[in-house]
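This report describes one protein chain, beginning with its overall build and ending with single residues whose backbone deserves a second look.

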Amino acid sequence: MADFFDILIVGGGPAGSTAGTLLAKRGWNVAIFEKEHFPRFKIGESLLPGSLGTFERMGVKEKIDKADVIVKYGGKIISACGTRNNRFLFSDVFRCKFPTAYQVERSMFDKLLLDHAAESGCHVFQGAHVTDLAFDVDGVTIHTSDKRFRGRYLVDCSGRNSLIGSRFKLRQNYPHLRKFSLFAHFEGVEREAGIDGTLTQMIRGKDQWIWIIPITAKKTSIGVVLDAQTFKKMKLEPAEAFDQILQENPEVTKQLLHAHRVTEVHATGDFSFRNKRFTGARWVLAGDAAGFIDPVWSSGVFIAILSGENVADMLDRVLRQPERRAAEFTRYERRLGRVMDLYLKFVTAWYTQEFAEVFFHPQKFFQLVPAVNSVLAGTEERLPEVRWRLWIFDLLVFLQKRFAMIAPRMSLLPK
Ligand SMILES: Cc1cc2nc3c(=O)[nH]c(=O)nc-3n(C[C@H](O)[C@H](O)[C@H](O)COP(=O)(O)OP(=O)(O)OC[C@H]3O[C@@H](n4cnc5c(N)ncnc54)[C@H](O)[C@@H]3O)c2cc1C
């Protein structure tokens, strides 16, 4: 006999813990299967204010506030050529509800969320690798190495190698986003005082960008995103390529004067994709298992938590009124697709030089930048006052691209 649950969740990252916590709080019998034993290393450390309302609903915000996290006030974009920079603060967004977010060490943060899911009533199985699954009209059966489990619905939160996405061949890569990333943690990185020391720094070069994220009182996450082809052409091992890129950037080296690396250099590529569908008769995808766009703008964990929350609310309604399933699943597909489209647009724009040129001139477009910030904060992109300003911002980027009439051209090459 297989153990039975209302909901089976594969993956104990932020998407799985969010969905599990909220479903368990509604009284459903939920199991989360996580193949690793937490804590485990994970990249994706810069969060958005748009998740804070969900943390409150989950009852986990106080625990995060007490943990070794950095309260983040916004971000700072610096041109690698050193000529311009632009600081944006979450407090500037329209109808600002949460003026801060968090920078977190994911090993600690993911464990905190997963432990909270267990305390909220979820059955959490760690070291439980889901290796097979089968659907029928009444539900789903999954297999781990030593056991079978049965549930009414399966929520796939297994991350970028989505179990369901691979099984049903749903993956579609974004052809214009063939990126590669190298990253590591450091200690001893120079930090500014006050809120400036909490910001995510994005150092924008011509064909690459570097993030610098303070994640604990001591540790800083540093990474680079570049074209996969450029990395191949370097013909270097990841650690050598990473060191070379950092050393070529004076904006980085001046902060690394007294720093040392405390983890290995990690490398990952081919991460930008979206699955063709997010739902099937007995399954739903959430978080990276549905799709991941790009590290820039920190949309990953935000979308993981948003989709985890939406799935929990939706499945709660569907379990109570099964006849609503088709309509609910369609609405979820549409909503998640819309959020992903919005970030895709901003990610695509980020990799054009014109976007940087317009964005680096906030004083000229002070009415527009809060609108852009609203998207970057993960808050109410559908507010009318945000929508028309975003439209004008896009127009300015377009004019800059065609006629360079909004801002002077920049080299973006490190000097
Ligand atoms: C280079 C890079 C930088 C990034 N930087 C940021 C950032 O600064 N800010 C941000 O918000 N996002 C960032 N992201 C994205 C972020 O890492 C993800 O969006 C986020 O982790 C998604 O959460 P998730 O819960 O969907 O998936 P994950 O966090 O990937 O969790 C999935 C879990 O499922 C488990 N699992 C997988 N398969 C199975 C299985 N078969 N059985 C059982 N368990 C399984 C895994 O072990 C894992 O713990 C970055 C991504 C990359 C690639």
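A residue counts as buried when its relative accessible area is under 20%, and as exposed when that area is over 50%. By this criterion, 58% of the 415 residues of the protein chain are buried. The model is a predicted one, and the values below are computed from it.

**Overall build**

The protein chain contains 13 helices and 21 strands. Its radius of gyration is 21 Å, close to the 22 Å that the globule rule gives for 415 residues, so the chain is as compact as a globular protein of that length. Along the principal axes, the C-alpha atoms occupy a box of roughly 65 × 45 × 40 Å. Among contacts with a separation of 6 or more, 75% join residues that are 24 or more positions apart.

**Surface and charge**

About 17,500 Å² of the protein chain is exposed, and carbon and sulfur atoms supply 52% of this area. The chain carries 58 positive and 47 negative side chains. The centres of these two sets lie 5 Å apart.

**Domains**

The domain assignment gives two entries for the protein chain. Domain 1 is made up of the segments 3-69, 104-173 and 273-343, whereas domain 2 covers 352-403. Taken over C-alpha atoms, the centres of domain 1 and domain 2 are separated by 31 Å.

**Backbone details**

The peptide bond from F38 to P39 is cis, with omega near 5°. P39 belongs to the loop that connects strand 2 (30-34) with helix 2 (52-58).

Two further residues, K169 and W297, have a positive phi although neither is glycine. The table sets out their backbone angles.

| Residue | Phi |
|---|---|
| K169 | near 50° |
| W297 | near 70° |

K169 sits in the loop between helix 5 (163-167) and strand 11 (171-173). Its relative accessibility is 65%, so K169 counts as exposed.

W297 is likewise a loop residue, placed between strand 21 (291-292) and helix 9 (299-320). Is W297 buried or exposed? With a relative accessible area of 5%, W297 is buried, because the cut-off for that class is under 20%. The two residues with positive phi therefore fall on opposite sides of the criterion given at the start: K169 is exposed, and W297 is buried.

Methods:
Residues are numbered from 1 along each chain as its sequence is written. This is a predicted model: local features need pLDDT of at least 70, side-chain atom pairs count only at pLDDT 80 or more; totals for chains, interfaces and linings use all residues. Side-chain values use heavy atoms; hydrogens and water are left out. Helices (H or I, at least four residues) and strands (E, at least two) are DSSP runs, numbered from the N terminus. The radius of gyration is taken over C-alpha atoms; the globule rule is 2.2 Å times the number of residues to the power 0.38. Buried means under 20% relative accessible area, exposed over 50%, partly exposed in between (1.4 Å probe, protein chains only). Contact means heavy atoms within 4.5 Å. Accessible areas come from the Shrake-Rupley method with a 1.4 Å probe; for residues, only the protein chains shown count as cover. Lys and Arg count as positive and Asp and Glu as negative; His and the chain ends are not counted. The place of a charge is taken as NZ of Lys, CZ of Arg, CG of Asp or CD of Glu. Domain bounds come from an automatic or database domain assignment.
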